[in-house]
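Biologist: Hello! I am new to this structure and would love a close look at one part of it. Could you walk me through it once it is in front of us?

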Amino acid sequence: MTLTSPANGATLPQGSQIFLRASASIAVSIVSRVDFYLDGVLIRGGSVTQSPYNLAHNVTAAVGAHTLFARAVASDGTTTVDSATAAF
């Protein structure tokens, strides 16, 4: 599981649309979905069930540093995560 966009340390325009992208594979199972989070909260509409695992999101978070992460969930319940810090 790799969060490929945005890059760690990216500065993103507050109030604009950003694109989150992840590549996901789990060795012992099939990926059933990837969930995208902002500061620990699932982004509305943030579960993607088909590859490519991409999501457009309108940034409404306060100006400052934020943590984005993607979590791959396998059909057997196994999960794996990757994260990035971005500033808005």
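Biologist: Let's take strand β2 as the part to look at: how many bridges join β2 to strand β8, and do the two run parallel or antiparallel?

Modeller: Happy to help, and please keep in mind that this is a predicted model. Strand β2 is joined to β8, residues 79-87, by 2 bridges, and the two strands run parallel. At one spot you can look for T11, which stands opposite A87 in β8.

Now step back to the sheet around this pair. It is an open sheet of 5 strands with mixed pairing, and its order is β2-β8-β7-β4-β5. The edges are held by β2 (10-11) and β5 (41-48); each has a single partner strand, so one side of each is left without a neighbour in the sheet.

It helps to see where this sits in the whole chain. There are 8 strands and 0 helices, and reading along the sequence gives the pattern β-β-β-β-β-β-β-β. The C-alpha trace spans about 40 × 20 × 20 Å along its principal axes. The radius of gyration is 13 Å, which agrees with the value near 12 Å for a compact globule of 88 residues. Among contacts between residues at least 6 apart in sequence, 57% join residues at least 24 apart.

What about the inside? Of the 88 residues, 39% count as buried. In soluble globular proteins, nonpolar side chains tend to be buried together. Here the largest nonpolar core has 25 residues, and L20, A22, V34, F36, A70 and F88 touch the most other members. Strand β8, the partner of β2, is one of the elements that give two or more residues to this core; the others are β3 (17-23), β4 (31-38), β5, β6 (53-58) and β7 (65-74).

L20 is a good residue to click on next. Leaving aside neighbours within four places in sequence, L20 is in contact with S5, P6, F36, I43, Y53, N54, L55, H57 and L68. From there you can move to H57, which lies in strand β6. H57 has a relative accessible area of 15%, so this residue counts as buried, the cut-off being under 20%. With the neighbours within four places again left aside, the contacts of H57 are S16, Q17, I18, L20, L38 and I43.

Finally, turn to the outside: the accessible surface of the chain comes to about 4700 Å², and 52% of that belongs to carbon and sulfur atoms.

How values were computed. Residues are numbered from 1 along each chain as its sequence is written. This is a predicted model: local features need pLDDT of at least 70, side-chain atom pairs count only at pLDDT 80 or more; totals for chains, interfaces and linings use all residues. Side-chain values use heavy atoms; hydrogens and water are left out. Two strands pair if DSSP finds at least two bridges between them. Helices (H or I, at least four residues) and strands (E, at least two) are DSSP runs, numbered from the N terminus. A nonpolar core is a set of buried Ala, Val, Leu, Ile, Met, Phe, Trp, Tyr and Cys residues joined through side-chain atoms within 4.5 Å. Buried means under 20% relative accessible area, exposed over 50%, partly exposed in between (1.4 Å probe, protein chains only). Contact means heavy atoms within 4.5 Å. The radius of gyration is taken over C-alpha atoms; the globule rule is 2.2 Å times the number of residues to the power 0.38. Accessible areas come from the Shrake-Rupley method with a 1.4 Å probe; for residues, only the protein chains shown count as cover.
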